[in-house]
Amino acid sequence: MSFLLIEHADALVTMNPNRDEIANGSILLEDHVIRHVSDQAGMHAYLVEHGIAVDKSIDAGGCVVLPGLVNCHHHLYQTLTRTLGTAAGLSLFDWLKMLYPVWAGLNSDGIYTSAKLGLVELLLSGATTVADHLYLFPNDSKLDDSIAAAHDLGVRFHPTRGSMSLGQSQGGLPPDEVCDSEDHILDDSVRVIEEFHDAADYSMCRVGLAPCSPFSVTAELMRRSAELARSYPGVRLHTHLAETLDENRFCVKKFGMRPIEYMESLGWLGDDVWFAHMVHVDEEEIDRLGHTGSGVCHCPSSNMILASGIAPIRRMLDCNVRVGLGVDGSASNDGNHLLGEARQAMLLQRVGWPGFESRADRFSARQALELATLGGARVLGREDIGSLQAGKAADLVAFRVDDLYHAGAGSDPVAALLTCMPTSVWLSVIDGRTVVEDGVLSGVDVENLVNDHRNESSRLLVRAGLRG
Ligand SMILES: [Zn+2]
């Protein structure tokens with residue numbers, strides 16, 4: 001048994017049912033679980049009452065402490081092809097058509113290295129839990145490669161076994177060379193669930209199934225994936241949906257239905273499903289998401305960089321839709337800063353969406369922080385993360401607010417995390433293990449990692465004829 005005490009935080013944001021924020025806050029971790037949360041005086045009394053001698057204490061004066069942030073949608077492999085297409089200003093379908101042939105050169109080493117690099121970036125921006133969507137497996141690539149990277153870093157991971165089966169020859173968007181047979185996809189899905197999925201509380205790895213999108217898999221694969229996922233406890237379903245007007249037009253033309261109606265016809269609405277994006281939805285569709293408990297991952301930077309549109313997140317929250325936050329793949333962002341993504345969400349919802357005027361009071365910094373913590377936990381179906389309460393997993397982060405970037409923001413240090421420019425974590429604890437302390441990530445040679453990543457990226461670009 002080991003006790004870690006983090007104390008004297010300027011503010012400790014609990015995200016508990018009362019949304020308490022504790023000034024001069026203190027939190028006691030016992031191994032991988034939160035034991036007690038209190039102000040400084042209350043913590044002192046608790047330690048005396050229970051006769052607890054702490055093994056280590058960290059002074060978080062000058063910091064805001066938060067539940068570890070939760071990233072609900074990503075394609076970590078895309079760190080290898082940042083700026084390709086986005087620099088040129090391509091929209092989603094043209095961007096994908098440019099990148100599919102480049103990604104066809106991916107291999108096992110590339111998946112591992114890119115996942116590790118993206119996860120390091122996420123960790124330093126406050127993420128402690130990350131969902132990833134890997135949907136193409138060229139050469140010797142496997143889901144195992146990204147799981148190994150998360151395991152090596154100690155990140156709580158929700159890898160989703162993605163898939164593409166509807167190639168151009170069958171009317172889909174991707175070239176046939178990056179698609180796979182449906183029998184093989186389902187066999188490999190069983191393999192990774194049985195090998196890696198852990199449905200228990202405090203799990204460090206939960207596998208999901210994630211056919212890529214309505215324009216890259218068949219209806220049959222969507223149906224069979226849902227059946228397979230539901231035959232295991234805690235295996236959730238994930239896909240891209242209603243991301244662009246092009247996609248809506250594709251669904252109406254090919255299936256005679258808008259995307260949500262199409263997914264409903266396949267048994268894909270429910271509290272074990274979450275969709276990335278949900279930009280182009282009408283009022284009735286938002287109600288249907290709320291009533292069925294289906295989750296949404298909001299990816300504001302990606303939606304802006306690909307000019308996909310503005311998701312009506314404020315409206316979704318008002319209709320009790322579960323909403324989390326994701327940086328999306330690095331080739332459509334092109335960064336992995338999750339706290340920065342919360343800022344983008346706040347800004348974009350204030351701007352509004354078509355038919356709604358801009359309003360500065362529509363979305364607060366605290367609402368955006370809730371998307372990035374408790375909201376994400378709900379989307380991933382986790383009761384054990386997302387808030388700082390006794391009995392929850394020992395996942396927390398601290399950001400300094402006494403630095404250059406927050407000077408003068410003492411009236412509200414919590415809001416300042418997003419109204420001022422987002423910074424890197426000063427402290428990160430995942431599953432009770434201190435991963436970042438004093439701003440330094442332990443156990444990773446970042447320079448070597450960046451070098452390996454540069455080599456993998458160059459190899460892909462040379463192979464695709466985009467670099468000599
Ligand atoms: Zn995506």
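User: What makes Asp188 and Arg191 a salt bridge?

Analyst: Happy to walk through it. This is a predicted model, and in it the closest N and O atoms of Asp188 and Arg191 are 2.7 Å apart. The cut-off for a side-chain nitrogen of Arg and a carboxyl oxygen of Asp is within 4 Å, so the pair qualifies.

User: Where do Asp188 and Arg191 sit relative to each other in helix H5?

Analyst: Both belong to helix H5, residues 182-196, and they are 3 residues apart, which means about one helical turn separates them.

User: Why is Asp188 called buried, and why is Arg191 called partly exposed?

Analyst: Asp188 has 12% relative accessibility, and buried means under 20%, so the label fits. Arg191 comes to 28%, which lies between 20% and 50% and is therefore partly exposed. The two residues also take part in a wider arrangement: Asp144, Arg161, Asp188, Arg191 and Glu195 are linked in a network of salt bridges.

User: How many salt bridges does a search of the whole structure find?

Analyst: The search finds 25 salt bridges. One of them joins the side chains of Arg230 and Asp272, at 2.8 Å from N to O.

User: What makes the Arg230 and Asp272 pair a link between distant parts of the chain?

Analyst: The partners are 42 residues apart. Arg230 is in the loop between helix H6 (219-229) and strand E10 (237-241), while Asp272 is in the loop between helix H8 (259-265) and strand E11 (273-277). As for their surroundings, Arg230 has 39% relative accessibility and so counts as partly exposed, whereas Asp272, at 16%, counts as buried because it falls under 20%.

User: How do you know that Arg314 and Asp318 form a salt bridge?

Analyst: Their closest N and O atoms are 3.0 Å apart, and the limit is within 4 Å, so this pair passes too. Arg314 and Asp318 lie 4 residues apart in helix H11 (residues 313-318), so about one helical turn separates them. Arg314 is buried at 15% relative accessibility, and Asp318 is partly exposed at 48%.

User: How many disulfides are there, and what rules out Cys299?

Analyst: The count is 0 disulfides. For Cys299, the nearest cysteine sulfur is that of Cys297, 3.9 Å away. A disulfide needs sulfur atoms within 2.5 Å, so Cys299 is in none. Cys299 is also buried, with a relative accessible area of 0%.

User: And what about Cys212: which cysteine sulfur is nearest?

Analyst: That of Cys179, at 9.5 Å. Again the cut-off is within 2.5 Å, so Cys212 is in no disulfide. With a relative accessible area of 5%, Cys212 counts as buried.

User: Which residues make up the patch of negative charge on the surface?

Analyst: Asp109, Asp140, Asp445, Glu447 and Asp452 gather there. Asp452 lies in helix H15, residues 446-463.

User: Why is Asp452 called partly exposed?

Analyst: Its relative accessibility is 42%, between the limits of 20% and 50%, so partly exposed is the right label. Patch members need over 30% relative accessible area, so Asp452 meets that condition as well.

User: Is Ser165 buried or exposed, and where is it found?

Analyst: Ser165 is found in the loop between strand E8 (156-163) and H5. At 7% relative accessibility it is under 20%, so it counts as buried. Ser165 and Met15 are 150 residues apart in sequence and 41 Å apart in space, C-alpha to C-alpha.

How values were computed
Residues numbered from 1 in each chain as written. Predicted model: local features only at pLDDT ≥ 70, side-chain atom pairs only at ≥ 80, totals over all residues. Heavy atoms only, no water. Patch = residues over 30% accessible without salt bridge, like charges linked within 9 Å, V, L, I, M, F, W, Y side chains within 5 Å. Areas by Shrake-Rupley, 256 points an atom, 1.4 Å probe, with all protein chains shown as cover. Lys, Arg positive; Asp, Glu negative; His and termini not counted. Charge placed at Lys NZ, Arg CZ, Asp CG, Glu CD. Helix = DSSP H or I, 4+ residues; strand = E, 2+ residues; numbered from the N terminus. Buried < 20%, exposed > 50% of the residue type's maximum accessible area, 1.4 Å probe, protein only.
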